[in-house]
Amino acid sequence: MSFSSAQTRLPSVDAVRTHQRVWLDDTRNRVLAGEHFAICNADDFEEVFTTFGIPSLVINYWNSVVTFSERKGDHYDAVLAEHGYVPNRFAHGFGTALDPSRAPWGGLPKPTLIVGTTRDEAQLRVTELWAEAFGCECYPLDFSWVSQFSHELPERWWEFHRDRSESMLDLARVDLRLEQMKGLIAHLEAITGKAFSLADFRAVMERLNEQMNYWEMARDLVAAARPLPVTLRDQMALYQVTWQRGTPENLALVKAYYDEVKALVAEGAGCYAQEEFRVYMATSGNDPMYHGYLRERHGGAIVSNRYACIAPMYARTIENDDPLRALAARQLFLFDKEPHWEVHEAKRWGADAIFGIEPEGAPPSRYSEVCEAAGFPYLGLPRDADDADIRARIDRFVDTRLNARAPAAQ
Amino acid sequence: MTALDVLRSHHADPHKAALAWKAKGGKVVGYLCDNVPDELIAAAGFFPLRISGDPDADGQAVRQYVDTLYPPDVTTRPGFATAMLNRLLDGTYGYLDFLIVPHNRNAIQAIYRSLRDARKAHPELPACEMHYLDKAWSSSFISETYNRDQVVKLKAKLEVWAGAAITDDALHAAIAVGNENKALLAKIAALRAATPPRLSGVDALQIIGASMLMAKADHNALLRDFLASADSLPERAGPRVFLGGSPIDHTRICQAIEATGATVVAEDHCWGNRSFDLPVEGPASPILELASRFHRKPACSITFPLSETVAGCARRAAAAAADAAIFYVMDEDWSQNWETPNEVRAIEANGTPSLHLKQQAYDGGDPSALTAVVAEFLAAVQKRAPRRAPAEGATA
Ligand code: SF4
Ligand code: SF4
């Protein structure tokens, strides 16, 4: 068994970052040369743009570049406030259009259109304002993050994605989405003068499935290996490949990651110096600030989190030769923040405990009840910070809930 | 009691008319938001009751029964949504026979799932059968046909609840009563927008609000009665203020503004003028008329494109000849957060100065503090540009 420094990034993960930067430079040049470019939300219309050969930028990805990679969140908060808005992270991308002078990587070229997102009404407004700032069209497609839950999910819904995804959905909504997608495709054909090929689109969707197969195989290797071969930070960084789905380049990037993981597992490499116990994060955040403290003080390792586990849910089996319907259905449901699923993931990762976020002073949450009932000690922290209060809470939890346990039978 | 007193009493006790209806053996269908076609509910023989919140409640039931169910990033919502959800959980609306939750802003539509999950986790909570009224937000014809289907589905559900078909006659009658209500409320709007105004914003909000808490026919009778003697209402001096921003189902904000001596001559939210100033239109089949209002002209600001919401706001401010505009935007009202700056720009381009209050409390917070902020703003406005000359006949 060998341990690398926790600070080293895997070459295959670095390649993802490099690829994204090169892609953006290349896209800017193509747009300057008169080509089309589009902006859309995370699980929106990307595969269709890919089929058209139109580069598209995912809003959440760009926001995370602004906020996390380039640490320009404060600047763009100020820009948004100057324009009369209460700032939030989703609008940082819009902020770069209000003040392109400080935008990362030279800023974005003017898109042909922004796919307006009705994921929630505030996001719809941000996409509209962004389009207004660019002087381009905003074309909204209907989907609401909340309305998906008007249809009750089956138990063990996380097993339904690939093959039974429509049984999780309101079928009238799938029909609506399909109609709207066809409307936008026809609109793009008119704007670009290009014809949309269903066969090409199917190839994109199949490649996406293959991309997710590699992701899944890699994830299973990482989750099963002892010690943990890939840091949570690298797992999260790899998530960027899901912002470009079904392209040969991104398929190659994931495959390279899988190959690297396989080699790491074979040599028994570990990314953290110790793994006295393993923690799964039931949160949407990044590698938390207190992870260093948890490792150094208690030897505990955070092995994975929610986002590292949802990527494979993008895969969809194409039925009845209708890849567009498969995509429409996927766009309407990717995942639910739901404790039974997180317990399922915590088991996959061999976690000894689950950490979540709980508001200060709130009554016991369903998350804590479900996790505890499944045998996982659950720690709800009020925020992702590394301060004396958070450290004290972690110390107390480790002492009373983890160290106090009877040693596991060997 | 004058007609105005009766209207005020219904606004003060939003359950009064519904409970009287129940006492006579009728059934009550609660609904959230303005754009649920209440004509359909009435035509099915039910009492339609718009759900409102209590600004004095502390949201404890929501924290206990709903916020514990989901991660905290899923449960943020503006105060007015919390207030309504709280009442639906704490037993205040325990008398409802049915509830309709529309797909409007996320915080509203989430109430459907929240109630369903909370009742599953806590079977002791008050429960009634619910219907989710879906809606596509985008403005295309594809969405229009989808929304028409949703109105048809709602009709079918109401027929199941009623155990009888909704006849075209009943629907025509309900639409006619509803349209008369809108026409009478337009006269109320004209009274307060008159030069000088003859009605305070606080009274107007109570009158308009009561229309969603009473049987429309009864409300019409009271409106006719009130309007008959409207000529004798005293004229109001002071600045004319337009109120934009978040939807508000109580009068405290308006009260704090009018405590400066101003009159709120119009507002831009779904508990005020917006609820009636775009009436159902004919000629078509009644269902298509209702569907068309549902799709094209909801009082709800969650419509596409933004420019239409902004234009509607500016149009209302201009029609009311406001001297100044105040935008009261609640904390966590994210859609309003992104709408208001464009609305401010549009209104200021028309020469109306405005005050944009951000991240405000649903209950209005300390009323004297709000009054002081508004008074300071209005004083500055008056210094900047003397008020337009009083219209002829204004108080000497
Ligand atoms: S056609 Fe429409 S407006 Fe005319 S009476 Fe019938 S429902 Fe009313
Ligand atoms: S604006 Fe009014 S009708 Fe629309 S979601 Fe908000 S409360 Fe409901």
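Me: So helices are DSSP runs of H or I with at least four residues, strands are runs of E with at least two, and both are numbered from the N terminus. What kind of model are we looking at?

Reply: This is a predicted model, where local features need pLDDT of at least 70 and side-chain atom pairs count only at pLDDT 80 or more, while totals for chains, interfaces and linings use all residues. Residues are numbered from 1 along each chain as its sequence is written, chains are lettered from A and ligands numbered from 1 in the order written, and side-chain values use heavy atoms, leaving out hydrogens and water.

Me: Cool. How many cavities are there?

Reply: There are seven cavities of 30 Å³ or more. A cavity is a set of points, on a 1 Å grid over the protein atoms alone, where a 1.4 Å probe fits but cannot get out; a pocket is an open set with protein on both sides within 12 Å along at least five of seven lines, and lining residues have an atom within 4 Å of a point. Points are joined across faces, edges and corners, and the volume is what probe spheres set on them fill.

Me: How much space is in the largest cavity?

Reply: The largest cavity holds about 170 Å³. It has 19 lining residues, and B:Cys33, B:Arg50, B:Phe80, B:Pro247 and B:Cys270 are the closest to its centre. That lining splits into eleven nonpolar, three polar and five charged residues. (Nonpolar covers Ala, Val, Leu, Ile, Met, Phe, Trp, Tyr, Cys and Pro; charged covers Asp, Glu, Lys and Arg; the others, Gly among them, are polar.)

Me: And the second largest cavity, what lines that?

Reply: That one takes up about 130 Å³. Of its 13 lining residues, B:Asp34, B:Asp38, B:Lys182, B:Lys216 and B:Ser275 are the closest to the centre. In chain B, α3 (38-43) and α8 (168-193) are the elements giving two or more residues to the lining.

Me: Which element gives the most?

Reply: α8(B) does, with three residues. By class, the lining of the second largest cavity has four nonpolar, three polar and six charged residues.

Me: Switching topic: where does B:Tyr31 sit, and what does it touch?

Reply: B:Tyr31 is in strand β1 (residues 28-31) of chain B. Beyond its neighbours within four places in sequence, its contacts (heavy atoms within 4.5 Å) include B:Val36, B:Asp38, B:Pro48, B:Leu99 and B:Met212.

Me: Is B:Tyr31 buried or exposed?

Reply: B:Tyr31 counts as buried because its relative accessibility is 3%. Buried means under 20% relative accessible area, exposed over 50%, and partly exposed in between (1.4 Å probe, protein chains only). B:Tyr31 also lies 8.5 Å from B:Phe98, C-alpha to C-alpha, though 67 residues separate them in sequence.

Me: What about pockets? How big is the second largest one?

Reply: The second largest pocket has a volume of about 570 Å³. It is lined by 25 residues, with A:Glu155, A:Trp157, A:Glu338, A:His340 and A:Arg366 the closest to its centre. Two or more residues each come from α14 (339-348) and α15 (366-373) of chain A, and from α6 (106-121) of chain B. The lining has eleven nonpolar, two polar and twelve charged residues.

Me: Which residues of α14(A) are buried?

Reply: A:Pro339, A:Trp341, A:Glu342, A:Val343, A:Glu345 and A:Ala346. They pack against β7 (277-281), α12 (306-310), β9 (353-357) and α15 of chain A. A:Trp341 is buried, as its relative accessible area is 0%. Not counting residues up to four places away, A:Trp341 touches several others, including A:Trp157, A:Trp158, A:Arg306 and A:Phe335. After α14(A) comes A:Gly350, with a positive phi near 60°.

Me: Which residues that aren't glycine have a positive phi too?

Reply: A:Arg71 and A:Asp321 are examples, each at about 50°. A:Arg71 lies in the loop between α3 and α4 of chain A and is exposed, with a relative accessible area of 71%. A:Asp321 is in the loop between α12 and α13 (323-332) of chain A, and counts as exposed at 61%.

Me: Last one: where are the cis peptide bonds in chain B?

Reply: One runs from B:Thr195 to B:Pro196, with omega near -5°, and B:Pro196 is in the loop between α8 and α9 (201-210) of chain B. Another joins B:Phe304 to B:Pro305, with omega near 0°. B:Pro305 sits in the loop between α12 (286-296) and α13 (306-319) of chain B.
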